[in-house]
Amino acid sequence: MEFKLGSKAASGAVQCQMIDMTYPGAVPMHKVNFDAKSEYDMIQNYKVLQEVFNKLKIDKHIEVNRLVKGRPLDNLEFLQWLKRYCDSVNGGIMNENYDPVERRLKGGKERNSKGSLKSSKSLQANNLHNLASGDAAGINKNTVSKQGKTGVAAASSEVRALSKEITDLKLSVDLLEKERDFYFAKLRDIEILCQSTKVENHPMAVAIKKILYAADAKESALEEAQEFISQSVDNGETEEANEEETD
């Protein structure tokens, strides 16, 4: 059954913050969109991340087109790699002085500053009017207080949601690794059996090894194995018929 990761985990925003935590200030957080839901917005986040990789000389090409699809294996593999890389830099020790909420709020303010230029002019005109009427001080104080509380509450809510999603991802990774190890052990047992002296030249063992040692996951490997078995059976029947005629 195919399932997709949450948009937060696949959007590239979490990955940007992981690198920013490892290299504080290296990521232009004002360019990172934590509300990205469309593939276009996610691609912009990954572009930011790739630019930071290039700047830090991190030799890793990001498969953006695969990651934005939200398929679990692609995203989990990249997150696993990124976690290992960050641990190799900071020794697996979290930077206690790094405030992710503050960095995201700062990035959001910088990102919205240009877009709100026209609105700010309108607000300035209203504030001048309020100053004339003597009400501006109280209004500004209440507005700033409400905006500050709203921003912090929204950021805290997003952090909790991300923390839960990361926990779910870790559980998914553990399950996938256990499943991978289980099937790998089975395949290894089959390989050892097919390599044993008594059966290594048997048509079925040869066909199985053709599939096991195929260069990539292509359907032709199975077709080649089936064709080999068919030819072996036909050759065996021909030899038996020749022996009967000779007798």
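**Exercise 1.** Describe how H2 and helix H3 (residues 39–55) cross in this predicted model.

*Solution.* Start with the axes, lines fitted to C-alpha atoms over the stretch in contact. Those of H2 and H3 come within 9 Å and cross at roughly 25°. Angles run from 0 to 180 degrees between N-to-C directions. Under 35 degrees counts as roughly parallel, so H2 is roughly parallel to H3. Helices here are DSSP runs (H or I, at least four residues), numbered from the N terminus.

Residues are numbered from 1 along each chain. The model is predicted, and local features need pLDDT of at least 70.

**Exercise 2.** Which elements give two or more residues to the lining of the largest pocket?

*Solution.* Lining residues have an atom within 4 Å of a point of the pocket, an open set on a 1 Å grid where a 1.4 Å probe fits, with protein on both sides within 12 Å along at least five of seven lines. The elements are H2 (13–22), H5 (72–90), H6 (100–115) and H8 (136–195). H8 gives the most, with 10 residues.

**Exercise 3.** Where does the largest pocket lie relative to domain 1 (1–97) and domain 2 (162–238)?

*Solution.* Both domains, whose bounds come from an automatic or database assignment, give lining residues, so the pocket lies between them.

Note on methods: This is a predicted model: local features need pLDDT of at least 70, side-chain atom pairs count only at pLDDT 80 or more; totals for chains, interfaces and linings use all residues. Side-chain values use heavy atoms; hydrogens and water are left out. Angles under 35 degrees count as roughly parallel, over 145 as roughly antiparallel, 65 to 115 as roughly perpendicular and the rest as oblique.
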